[in-house]
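Me: I would like to learn how to read a fold from its coordinates. Could you take me through one?

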Amino acid sequence: MRFTIVREEFLKGLTIVGRAIAAKNPVAVLSNIKLELNEEGLVLTGSNYDLSIKTLIPFKNGDNEIIRNYKEGATLINAKLITDIAREMEEKEITLDVLDTTVATINDKRSEYQLNCVRVEEYPDLDLEADGTNLVLTTADFDLLVDQTAFAASNKDQRPVLTAINLEAFEGLLTATATDSARMAKKIMSVPNDVGFNVSVPAKMMTEVARLIEGVSAVEIAVGDKKILFTFGKTIVATRLIAGDYPNTKNIVPRTTNYSLEVNSQELIKAITRAKLLSLDRENVVDLTMSEEGVTISARASQVGSSNEKIEMYRFEGDMLKISFNSEFVVSAIRALGSEDVVFGFVGEMKPFVIKNPADESVVQVVTPVRTY
């Protein structure tokens, strides 16, 4: 195999598939990127089994030649080394030439490297075929779905299903839900009526896809029995589904609330952030005290002191109420809503409360209060 390629395009492709390659991979061959030059162009593949990414670099982009002086073939080269080399070289083009099945040269007419390579036959067969139920989302909708839910998924592996975003399509609605059992984020959007599935997708993988789809208009999604495939532009991302029943979150959102608070998002975020400075011994817990006479954010640390800040602009309905909560959970929820104002709905002192955008009923955030006594 041999080719001369525009360095910038080569590095872009290497970086995309490199997201699927673990820094420490127990399967040695998966530390490599698979490079295959065929009649369509240069196909790059990376995988850690849980996540696989394949992208195509075509021979041309419009009238601009990307790959020239080529000979078809395939090989495996260490992902970190080839990516670092492509990043550090300074010429416009790079030439890669596989001399035999074990050695490849990489040069840009200024620098030259010889790298060990591995026979392509040693690379595992990856299932990158689209099957199951198909759905197309615009890039904007996909970004919104991930941004408004993924942060609420657990980052601990004790309960793997909680590290996922649950995607349920039923009767023309797609519901995305993430929870770590202390908070929940839910986003609902319209989809075709004939689309139906209920799967749990690793939240980290959804976030990776969201990072990669910049510059394309839509994402094609294929939901199978054990995997989900995302296709956009000239890239395919496949990830395993997480087995097990997702927790029933349908009754978490209270149907009615006894207290309501509407405030400016940025004013509240700033007040919480300032209060959090004195919540060192309470794991970022701050207190929200509300009544018709005033709304305050406060925090205290037994060895340091306390803080108290009034919220100037607010609308509150109900009797006096004091709630303690994890400040990071609430700030993340408010930011995910992306609205100028937010509405809190409370049932009681120790009941989960909701945070909503008053102008958008399609997304809801739920946070569980913290007991401080």
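Reply: We go through the sheet, its helices, one buried residue and two pockets. Keep in mind that this is a predicted model.

Me: Start with the sheet. In what order do the nine strands of the open sheet run?

Reply: List the strands by who sits beside whom, not by sequence. Here the order is β16-β13-β14-β15-β28-β27-β26-β20-β24, and the pairing is antiparallel. β16 (197-202) and β24 (314-317) are at the edges; each has a single partner strand, so one side of each has no neighbour in the sheet. From one strand to the next, the twist averages 20°.

Me: How many bridges join β15 and β28?

Reply: Five bridges, with β15 covering residues 183-190 and β28 covering residues 360-367. For a register mark, take K186, which stands opposite V364 in β28.

Me: Which strands does helix α3 touch?

Reply: Look at contacts, then at direction. α3 (residues 139-147) packs on the sheet against β13 (164-170), β14 (173-179) and β15. Its direction makes about 160° with that of β15. Helix α6 (residues 327-337) also packs on the sheet, touching β15, β26 (341-346), β27 (353-357) and β28. The direction of α6 makes about 25° with that of β27.

Me: Is helix α4 largely enclosed or largely open?

Reply: Begin with the general rule. An α-helix has 3.6 residues a turn, so residues three or four places apart point the same way. Now the case. Seven of the 10 residues of α4 (residues 203-212) are buried, so the rest of the structure largely encloses this helix. The buried ones are A203, M205, M206, E208, V209, A210 and L212.

Me: What about a single residue? Is N326 buried or exposed?

Reply: Compare its relative accessibility with the 20% cut-off for burial. N326 has 16%, so it counts as buried. N326 lies in strand β25 (residues 321-326). Beyond its neighbours within four places in sequence, N326 contacts E283, N284 and V370.

Me: Now the pockets. Which element gives the largest share of the lining of the largest pocket?

Reply: Take volume, then lining. The largest pocket holds about 850 Å³. Its lining has 35 residues; closest to the centre are S154, N155, K156, T163 and K204. α4 gives the largest share, five residues. By class, the lining has 15 nonpolar, nine polar and 11 charged residues.

Me: And what lines the second largest pocket?

Reply: That pocket has a volume of about 560 Å³. It is lined by 21 residues, with E9, K12, I16, T55 and T235 closest to its centre. Elements giving two or more residues are α1 (7-18), β4 (51-58), β5 (60-61) and α4. α1 gives the most, five residues.

Conventions
Residues are numbered from 1 along each chain as its sequence is written. This is a predicted model: local features need pLDDT of at least 70, side-chain atom pairs count only at pLDDT 80 or more; totals for chains, interfaces and linings use all residues. Side-chain values use heavy atoms; hydrogens and water are left out. Two strands pair if DSSP finds at least two bridges between them. Helices (H or I, at least four residues) and strands (E, at least two) are DSSP runs, numbered from the N terminus. Axes are lines fitted to C-alpha atoms, for helices over the stretch in contact, and angles run from 0 to 180 degrees between N-to-C directions. Contact means heavy atoms within 4.5 Å. Buried means under 20% relative accessible area, exposed over 50%, partly exposed in between (1.4 Å probe, protein chains only). On a 1 Å grid over the protein atoms alone, a cavity is a set of points where a 1.4 Å probe fits but cannot get out, and a pocket is an open set with protein on both sides within 12 Å along at least five of seven lines; lining residues have an atom within 4 Å of a point. Grid points are joined across faces, edges and corners, and a volume is the space filled by probe spheres set on the points. Ala, Val, Leu, Ile, Met, Phe, Trp, Tyr, Cys and Pro count as nonpolar, Asp, Glu, Lys and Arg as charged, and the others, Gly among them, as polar.
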